[in-house]
Amino acid sequence: MLEKEFWKNKSLDAFTHEEWEALCDGCGLCCLIKIMDEGGEEVFYTDVVCRYHDSQECRCTVYGERTKLVPTCLVVTPDIADSVEWIPETCAYRLLAEGKPLPAWHPLVAGSTELMHSRGNSVKGRVISEVRIPESRLEEHIIFIWNEA
Ligand code: SF4
Ligand code: SF4
């Protein structure tokens, strides 16, 4: 059972496993296929999503074994939330790491995922599975560039 507004006034490493999992809004933005330059200074986000993402339901279909099946799957930890700069700006873990509040559309605040999806804060229904896009055409699907500078 989660306490009301448990995410407030708590450091990232003080969350229980259950609380940490509940913080994930399920937006799927971290499941987008990214192209990284060699130095890691630029990260190109595409509208192509991991083969295991169900974009209609907006969920990972292999959550329990995701790291085994997808070695590049981003499992956010307190350290990663605090140090990896190209994590999606709206990611709940990143927001908390930056000392920001959860937005009104976050399912924990809004009470459901409806607002998040209707506002376009998730990938629901807006992405193409990587099984349909050959790697050679990935660059045509770039939608956003994160630049370190
Ligand atoms: S971007 Fe963050 S909040 Fe969204 S699904 Fe990924 S880990 Fe969860
Ligand atoms: S394995 Fe699941 S959580 Fe990991 S990138 Fe793919 S869909 Fe997302």
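The exercises below work through the ligand shells, pockets, backbone angles and a hairpin of a predicted model.

**Exercise 1. List the residues around ligand 1, sort them by class, and state which pocket the ligand occupies.**

Step 1. The shell consists of Cys24, Asp25, Gly26, Cys27, Gly28, Cys30, Val76, Pro88, Cys91, Ala92 and Tyr93.

Step 2. Sorted by class, eight of these residues are nonpolar, two are polar and one is charged. Cys counts as nonpolar and Gly as polar in this scheme, and the shell includes Cys24 and Gly26.

Step 3. The space that ligand 1 takes is the largest pocket.

**Exercise 2. Do the same for ligand 2.**

Step 1. Around ligand 2 stand Cys31, Cys50, Tyr52, His53, Cys60, Arg66, Val70 and Cys73.

Step 2. The division by class is six nonpolar, one polar and one charged. Arg belongs to the charged class and His to the polar class; Arg66 and His53 are both in this shell.

Step 3. Ligand 2 also takes space in a pocket, namely the largest pocket.

**Exercise 3. Describe the largest pocket by volume, central residues, contributing elements and lining classes.**

Step 1. The volume is about 970 Å³.

Step 2. The lining has 40 residues, and those closest to the centre are Cys30, Cys31, Arg66, Cys73 and Leu74. Cys30 also belongs to the shell of ligand 1, while Cys31, Arg66 and Cys73 belong to the shell of ligand 2.

Step 3. At least two lining residues come from each of α1, β1, β4 (59–60), α4 (92–97) and α6 (114–118). Strand β1 gives the most, with four residues.

Step 4. By class, the lining has 27 nonpolar, six polar and seven charged residues.

**Exercise 4. Describe the second largest pocket in the same terms.**

Step 1. The second largest pocket has a volume of about 440 Å³.

Step 2. Of its 21 lining residues, Leu29, Leu32, Tyr45, Pro88 and Phe144 are the closest to the centre.

Step 3. The elements that supply two or more residues to this lining are β2 and β6 (142–147).

Step 4. The lining of the second largest pocket divides into 11 nonpolar, five polar and five charged residues. Pro88, listed in Step 2, is also found in the shell around ligand 1.

**Exercise 5. Locate Glu5 and Asn9, give their phi values, and decide how exposed each residue is.**

Step 1. Glu5 lies in the segment before α1 (17–23). Asn9 is found in the segment before α1.

Step 2. Most residues other than glycine have a negative phi. Glu5, however, has a positive phi near 50°, and Asn9 has a positive phi of about 55°.

Step 3. The cut-off for exposed is over 50% relative accessible area, and buried means under 20%. With 38%, Glu5 is therefore partly exposed. Asn9 has 81% relative accessibility, so Asn9 counts as exposed.

**Exercise 6. Characterise the pairing of β1 with β2 and the hairpin that the two strands form.**

Step 1. Strand β1 covers residues 32–36 and strand β2 residues 42–49. The two pair in the antiparallel sense over four bridges.

Step 2. Leu32 stands opposite Val49 in β2. Leu32 is also one of the residues closest to the centre of the second largest pocket.

Step 3. The hairpin has five residues between the strands. In this hairpin, Gly40 takes a positive phi near 75°.

Conventions:
Residues numbered from 1 in each chain as written. Chains lettered and ligands numbered in written order. Predicted model: local features only at pLDDT ≥ 70, side-chain atom pairs only at ≥ 80, totals over all residues. Heavy atoms only, no water. Near = heavy atom within 4 Å. 1 Å grid on protein atoms, 1.4 Å probe; cavity = no way out; pocket = protein on both sides within 12 Å on 5 of 7 lines; lining within 4 Å. Sits in = over half its atoms within 2 Å of the grid points. Buried < 20%, exposed > 50% of the residue type's maximum accessible area, 1.4 Å probe, protein only. Pairing = 2+ DSSP bridges. Points joined across faces, edges and corners; volume = space filled by probe spheres on them.
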